[in-house]
Amino acid sequence: MKKDDKILEKIFDKVDTIPTFPKVAYQALNLLREEDIDFKKLEKIIKSDPGITANFLKIVNSPAFGLPQKIDSLFKAFMFLGINQIKFIIIASVAKNYFEKDLIGYGMKAEEIWLHSIACGFIAEEIAFDLGLSPLKIEAVYVASVLHDIGKIVLDLYTKLEIEDFRKIIMENPQWDFIQVEWLVLGVDHGLVGAHLLERWRFPKTICFAIRAHHDPDLMIQDEIASITGLANILANMIGIGGGVDVFNYRVPDNLLKELNIDVKKVYKYLKSGLYKTLVFQRGF
Amino acid sequence: MVIKVPKGFYQIIKGKEAILKTEFLGSGVAIGMVDKINEIGGLCYYVLPYKEHDIEIEDGELVLSGESLIPLFFEELEKSGADFQIAKMVVVGASVYKNNPKDLELPETNLKVAKSLIKKKIAFENNVTFKINFNCQVYAEVNLKEKSIKINLNGKEEIL
């Protein structure tokens, strides 16, 4: 067996060790898709997971959500929030648990990857609202944008172990992007691994595709959710929310904005509000 | 002592053996300055170009754009006694993707603002070094102890 085959086998074994997307979050998101939402029932569902509840209350009290008072109960929070905001906070609460460790191989601290994920969520949300996406698509945008880098938590150990190979290949092939380097060293890229993970968790294909495509300039523009996820990631890095060894070492589709029918002025709007929300959000943590 | 310089802010040190450091710059721009004779160091860092992009985070607390930040930074340096004619200045950042499309113009616009405001202040080519448009993460540092300006490109340090 070749070295990279062995790594690949281990990587896909590691996928099995990542805690599955919590049932509580699925149930809560399902309930939020109903026409008449029973908020008491929603509270009961979320409360059954103390970790998500604690994260939810911490996030909701961030100034980024602009609530007029400190919120100490889920039910009270639901009264102040819109349905989309509740969905966003549930997804962010779950994501917090996945991004709790530093990504040493990718050169990112836990708080950096977490903040980057949230920033992508904020930016993607605004783009999705401007494009008039349906509530179901907005939910897909939240999941894809907040979890787009989840494959990195699987690959980080192997990136760390093979870091010298990464450095050498990057130095010798400056024209290559990081996807090509990941493929050469590990036999896979973090977008594909992340998509595989979400497929196993039975997320809709469009979300898995967006995660798969978030660094692939050809795939990204084939789907609206993927384009929004890719663009949000690009813009978050541009405003300095993110980083890591791979940042900027990717190709961007030339026609990404055109495909989404977004003009340059709008881009500045997304950059400004994304920066504002993220900095304000950061204050709460 | 290490002093972090966040987005939209500047810091100036005089006579202290301190280090000023930015966060990950993104496509933002940092301007570092060291006046060895007068022992003054300064670092400013912004991510958005124009005044209309200034952000108020809390009451009265602003995260400034390049257009607002750079004149204040220069003014404060002058008040501190820095001599622009002898000081070393480095412009860092404006990082780009491998094939940055024209319509994602933030790095170029940030740079344009820095260039035009520096040009108003000092003889352009003299003491200004540009370290820009990399495809990787970049940090900037002003070290008054060593009287140097450093950049960090994906962990690799370069002293300027």
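**Notebook: burial, sheet and interface**

I began at A:Ser273, which counts as partly exposed because it has 15 C-beta neighbours inside 10 Å. The cut-off for buried is 20 or more. The model is a predicted one, and I read it as such. A:Ser273 sits in helix H17 of chain A, residues 264-283. I then checked its separation from A:Leu8. The two are 265 residues apart in sequence, and their C-alpha atoms are 40 Å apart in space.

**Helix H11, chain A**

Next I looked up H11(A), residues 178-186. I listed its buried residues: A:Phe178, A:Ile179, A:Val181, A:Glu182, A:Val185 and A:Leu186. Why do they lie on the same side of H11(A)? They cover an arc of only 160° around the axis, so they share one side of the helix. I noted that a charged residue, A:Glu182, is among the buried ones. After H11(A) comes A:Gly187, with a positive phi near 80°.

**Core**

I turned to the largest nonpolar core. It holds 144 residues. Those with the most contacts inside it are A:Ile123, A:Ile207 and A:Leu235 from chain A, and B:Ile31 and B:Cys44 from chain B. Which helix gives the largest share of this core? I found helix H7 of chain A, residues 110-130, with 11 residues. In soluble globular proteins, nonpolar side chains tend to be buried together.

I followed B:Cys44 further. Leaving out residues up to four places away in sequence, I get these contacts: B:Tyr10, B:Ala30, B:Ile31, B:Leu69, B:Ile70 and B:Phe73. B:Ile31 thus turns up both as a contact of B:Cys44 and among the residues with the most contacts in the core.

**Sheet, chain B**

I traced the sheet next. Five strands of chain B make an open sheet, ordered E2-E5-E4-E8-E9, with mixed pairing. The edges are strand E2 (9-14) and strand E9 (128-132) of chain B, each paired on one side only. From one strand to the next, the twist averages 10°.

I looked inside the sheet at one pair. E4(B) and E8(B) run antiparallel and are joined by six bridges. B:Ile31 stands opposite B:Val91 of E8(B). H2(B) packs on the sheet and touches E4, E8 and E9 of chain B; its direction makes about 30° with that of E4(B). Helix H1 of chain B, residues 66-80, lies across E2, E4 and E5 of chain B. It runs at about 170° to E5(B).

**Positive phi in chain B**

I checked two residues that are not glycine. B:Glu39 has a positive phi of about 55°. It lies in the loop between strand E4 (29-35) and strand E5 (40-46) of chain B. B:Ala94 has a positive phi of about 50°. Its loop runs between strand E8 (88-93) and helix H2 (106-121) of chain B.

Is B:Ala94 buried or exposed? It counts as buried, because 27 C-beta neighbours lie inside 10 Å. B:Glu39 has 17 other C-beta atoms within 10 Å, so I logged it as partly exposed.

**Interface**

Last, I looked at where the chains meet. How many residues of chain B are in contact with chain A? I have 28, in contact with 27 residues of chain A. The chain B side divides into 13 nonpolar, 10 polar and five charged residues.

Conventions: Residues are numbered from 1 along each chain as its sequence is written. Chains are lettered from A and ligands numbered from 1 in the order in which they are written. This is a predicted model: local features need pLDDT of at least 70, side-chain atom pairs count only at pLDDT 80 or more; totals for chains, interfaces and linings use all residues. A nonpolar core is a set of buried Ala, Val, Leu, Ile, Met, Phe, Trp, Tyr and Cys residues joined through C-beta atoms within 7 Å. A residue is buried if 20 or more other C-beta atoms lie within 10 Å of its own, exposed if 12 or fewer, and partly exposed in between; C-beta atoms are placed from the backbone. Helices (H or I, at least four residues) and strands (E, at least two) are DSSP runs, numbered from the N terminus. Two residues are in contact if their C-beta atoms, placed from the backbone, lie within 7 Å. Two strands pair if DSSP finds at least two bridges between them. Axes are lines fitted to C-alpha atoms, for helices over the stretch in contact, and angles run from 0 to 180 degrees between N-to-C directions. The arc is that of the directions from the helix axis to the C-beta atoms.
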